[in-house]
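Biologist: Could we go through this protein together, one question at a time?
Modeller: Gladly! Have a look at it first.

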Amino acid sequence: MKVLLLVAGGRAGADFFHSLLDGHSQILQLPGYLRVDKLHYVLNENDPYEIAKKFINFYPEFFDSRNEKFERWDKLGSTKNKFFTVDKKKFINYFVNLSQKEKKNKYLIFKNLHLAYHFAKGESLKNKKILFVHTHLIVWTKLFIKLTEIKDFQILHTIRHPLSSINSPLKTWLTFEGGKNFFPKDLFFQLDLVFNAFKNLKKIGKIYIIKLEDLHIKNYSTMKKFCNNFRIKHEKCL
């Protein structure tokens, strides 16, 4: 199974691209980006039951979307009053059963968490070809590789026009709550992301680029190319 790590550019549609893959029959993925800075608490456990319980505790929004208010997962659907839940008991039981059958390592534990999650959602686990992980930040991507000890992976990096990449977060954060959450370090982060992200990611692994403008203007051909490159079916959900 191929592992694809999604790293976001500056306001470059990483969440949008992630959402397009939701429901694909050949992809294992969680519904949102992974807070990798919490992952070591999960992977450092030895008992499968405790691993599953800690995963639920540290990522409650994956099991009840009403817990994620910042991304407005509590206001889904056209009427903005929908939400989703995933059966925690099924998740725990399936993960524990998987863990008893296979020799454990950090990456395998992480993969089995995804398999258990999809099982708890009631999805088929057959024909899965890609483990898709939205690590979001470059620093989290490096940490993920270290924590899981994974060797074989590719990186997806979303980009957009540089001026838009800088303008969009500035406009958003300077108007949100009067700009009280935006500091010089945040401006540096956005500039560094535009100018140095590609160079920094090349040091980590092989990169596949997704342009936000192409997702909007040339959606079909862009997603078709993505599917061909990673040898998965071009399904309706895309």
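Here is our conversation about this predicted model.

Biologist: Let's begin inside. Which residues touch the most other members of the largest nonpolar core?
Modeller: That core has 46 residues. Strand E1 (2-7), helix H4 (88-101) and helix H8 (184-202) are among the elements that each supply at least two of them. The residues that touch the most other members are Leu-34, Phe-55, Phe-62, Phe-91 and Phe-144.

Biologist: Which element gives the most to this core?
Modeller: Several helices and strands take part, including helix H3 (48-58), helix H5 (106-120) and strand E3 (130-136), each with at least two residues. One of them gives eight residues, the most to this core. That element is H5.

Biologist: Now for a single residue. Leaving aside neighbours within four places in sequence, what is Phe-55 in contact with?
Modeller: Phe-55 is one of the residues that touch the most other members of the largest core. With those sequence neighbours set aside, its contacts are Leu-30, Val-42, Phe-62, Phe-63, Phe-91 and Leu-113.

Biologist: How many residues are in the other core, the one with Leu-6 and Phe-17?
Modeller: This other core lies apart from the largest one. Leu-20 and Phe-230 are also among its members. Its residue count is 20.

Biologist: Let's move to the open spaces. What is the volume of the largest pocket?
Modeller: Here is the general idea: rolling a probe the size of a water molecule over the atoms shows where empty space is left. For the largest pocket, the computed volume is about 1,800 Å³.

Biologist: Which element supplies the largest share of the lining of that pocket?
Modeller: The lining has 48 residues, with Asp-15, Tyr-33, Phe-70, Glu-71 and His-136 nearest the centre of the pocket. The elements that give two or more residues to it are helix H1 (14-21), E3, H6, helix H7 (162-175) and H8. The largest share is five residues, and it comes from H1.

Biologist: How many of the lining residues are nonpolar, polar and charged?
Modeller: We can sort the lining of the largest pocket into three groups by residue type. The split is 22 nonpolar, 14 polar and 12 charged.

Biologist: On to charges. Which residue forms a salt bridge with Asp-37?
Modeller: Side chains of opposite charge can pair when their charged atoms come close. Asp-37 counts as partly exposed because its relative accessibility is 27%, between the 20% and 50% limits. In its salt bridge, the closest N and O atoms are 2.7 Å apart, and the partner is Arg-35.

Biologist: Is Lys-180 buried or exposed?
Modeller: The side chain of Lys-180 meets that of Glu-177 in a salt bridge, at 3.8 Å from N to O. Glu-177 has a relative accessible area of 46%, so it is partly exposed. The area for Lys-180 is 55%, and over 50% is the cut-off, so Lys-180 is exposed.

Biologist: Which residues do salt bridges with shared partners join into one network?
Modeller: The count comes to 10 salt bridges. One of them pairs the side chains of Glu-123 and Lys-121, at 3.1 Å from N to O. Salt bridges that share partners make one network of Lys-121, Glu-123 and Lys-128.

Biologist: One last thing. What separates the C-alpha atoms of Lys-126 and Ser-25?
Modeller: Lys-126 lies in the loop between H5 and E3. At 63% relative accessibility, Lys-126 counts as exposed. Lys-126 and Ser-25 are 101 residues apart along the chain, and their C-alpha atoms are separated by 8.4 Å.

Conventions
Residues are numbered from 1 along each chain as its sequence is written. This is a predicted model: local features need pLDDT of at least 70, side-chain atom pairs count only at pLDDT 80 or more; totals for chains, interfaces and linings use all residues. Side-chain values use heavy atoms; hydrogens and water are left out. A nonpolar core is a set of buried Ala, Val, Leu, Ile, Met, Phe, Trp, Tyr and Cys residues joined through side-chain atoms within 4.5 Å. Buried means under 20% relative accessible area, exposed over 50%, partly exposed in between (1.4 Å probe, protein chains only). Helices (H or I, at least four residues) and strands (E, at least two) are DSSP runs, numbered from the N terminus. Contact means heavy atoms within 4.5 Å. On a 1 Å grid over the protein atoms alone, a cavity is a set of points where a 1.4 Å probe fits but cannot get out, and a pocket is an open set with protein on both sides within 12 Å along at least five of seven lines; lining residues have an atom within 4 Å of a point. Grid points are joined across faces, edges and corners, and a volume is the space filled by probe spheres set on the points. Ala, Val, Leu, Ile, Met, Phe, Trp, Tyr, Cys and Pro count as nonpolar, Asp, Glu, Lys and Arg as charged, and the others, Gly among them, as polar. A salt bridge is a side-chain nitrogen of Lys or Arg within 4 Å of a carboxyl oxygen of Asp or Glu.
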